[in-house]
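Colleague: I am just starting to read protein structures. Please show me one and explain the words as we go.

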Amino acid sequence: MLVLTAPIKTTMPVSILKKAMKLITSPILSNIPSRLLPTIYRHAQLLLYPSFYEGFGLPVAEALLSSTPVITSNNSSLTEAGGPSSIYIDPHSIEEMSHAIRTVLSDSEKAKNMAVQGKKYALEKFDPGRLSNELMDLYTQVSVGIHSN
């Protein structure tokens with residue numbers, strides 16, 4: 001089963017949106033409550049996140065933490081958020097998206113490896129304790145710099 005989620009407003013170019021809508025036979029879910037996202041991620045075979053610009057890529061990190069293989073754009077911060085086990089595509093290329101989806105869905109070993117390695121990467125990269133320590137170190141460095149001037 002295909003489940004699509006999307007914000008009501010989108011920045012996707014109209015030409016790509018029209019092509020995609022011709023292929024979609026499943027309903028599109030909008031404004032999903034945050035509390036339901038982990039369940040959706042855990043039951044998904046993959047996350048396709050073809051963003052044209054992303055500040056961080058939280059859906060990518062959430063999917064990885066849920067052991068869901070990720071296919072996302074090869075731009076902005078998404079390559080860092082997705083890590084080495086994700087598949088990266090040009091968000092303007094329907095062909096690249098379709099090839100990546102077929103690859104993940106037809107190769108269960110690859111999908112399993114992406115899920116395991118992706119979760120490992122996300123746990124290391126986005127560990128709350130480590131991030132808190134790094135943030136406190138940064139605050140300390142800034143504070144010392146301010147007081148030494």
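Modeller: Let's start with what counts as an element: helices (H or I, at least four residues) and strands (E, at least two) are DSSP runs, numbered from the N terminus. By that rule, lysine 120 belongs to helix 6, residues 108-125. This is a predicted model, where local features need pLDDT of at least 70 and side-chain atom pairs count only at pLDDT 80 or more, while totals for chains, interfaces and linings use all residues. Residues are numbered from 1 along each chain as its sequence is written, and side-chain values use heavy atoms, with hydrogens and water left out.

Colleague: How many helices and strands does the chain have?

Modeller: The chain has 7 helices and 5 strands. Along the sequence they follow the pattern β-α-β-α-β-α-β-α-β-α-α-α.

Colleague: Is lysine 120 called buried, exposed or partly exposed, and how do you know?

Modeller: Buried means under 20% relative accessible area, exposed over 50%, and partly exposed in between (1.4 Å probe, protein chains only). Lysine 120 has 48%, so it is partly exposed.

Colleague: And what makes serine 77 count as buried?

Modeller: Its relative accessibility is 17%, and the limit for buried is under 20%. Serine 77 sits in the loop between strand 4 (70-73) and helix 4 (78-82). Leaving aside residues up to four places away in sequence, serine 77 touches Glu54, Gly55, Phe56 and Gly57; a contact means heavy atoms within 4.5 Å. Across the whole chain of 149 residues, 28% are buried.

Colleague: How do you know that strand 3 and strand 4 are paired?

Modeller: Two strands pair if DSSP finds at least two bridges between them. Here 3 bridges join strand 3 to strand 4, and the two run parallel, so the definition is met. One example is leucine 47, whose bridge partner in strand 4 is valine 70.

Colleague: Which strands make up the open sheet, and in what order?

Modeller: The sheet has 3 strands in the order 3-4-5, with parallel pairing. Strand 3 (47-49) and strand 5 (87-89) are its edges, because each has a single partner strand and one side without a neighbour in the sheet. Direction ignored, neighbouring strands are turned by 15 degrees against each other on average. Helix 5 (residues 94-106) packs on this sheet, touching strand 3, strand 4 and strand 5. The direction of helix 5 makes about 165 degrees with that of strand 5; axes are lines fitted to C-alpha atoms, for helices over the stretch in contact, with angles from 0 to 180 degrees between N-to-C directions.

Colleague: How do you know that the span of helix 5 agrees with what it should be?

Modeller: The expected span is 1.5 Å times one less than the number of residues. For the 13 residues of helix 5 that gives 18 Å, and the end C-alpha atoms are 18 Å apart, so the two agree.

Colleague: Why do you say that the buried residues of helix 5 line one face?

Modeller: Those residues are Met97, Ala100 and Val104. Down the axis they fall within an arc of 70 degrees, so they line one face; the arc is that of the directions from the helix axis to the C-beta atoms. An α-helix has 3.6 residues a turn, so residues three or four places apart point the same way. The face turned away carries the exposed residues Glu95, Arg102 and Ser106. Covering the buried residues of helix 5 are, among others, strand 3, strand 4, strand 5 and helix 6.
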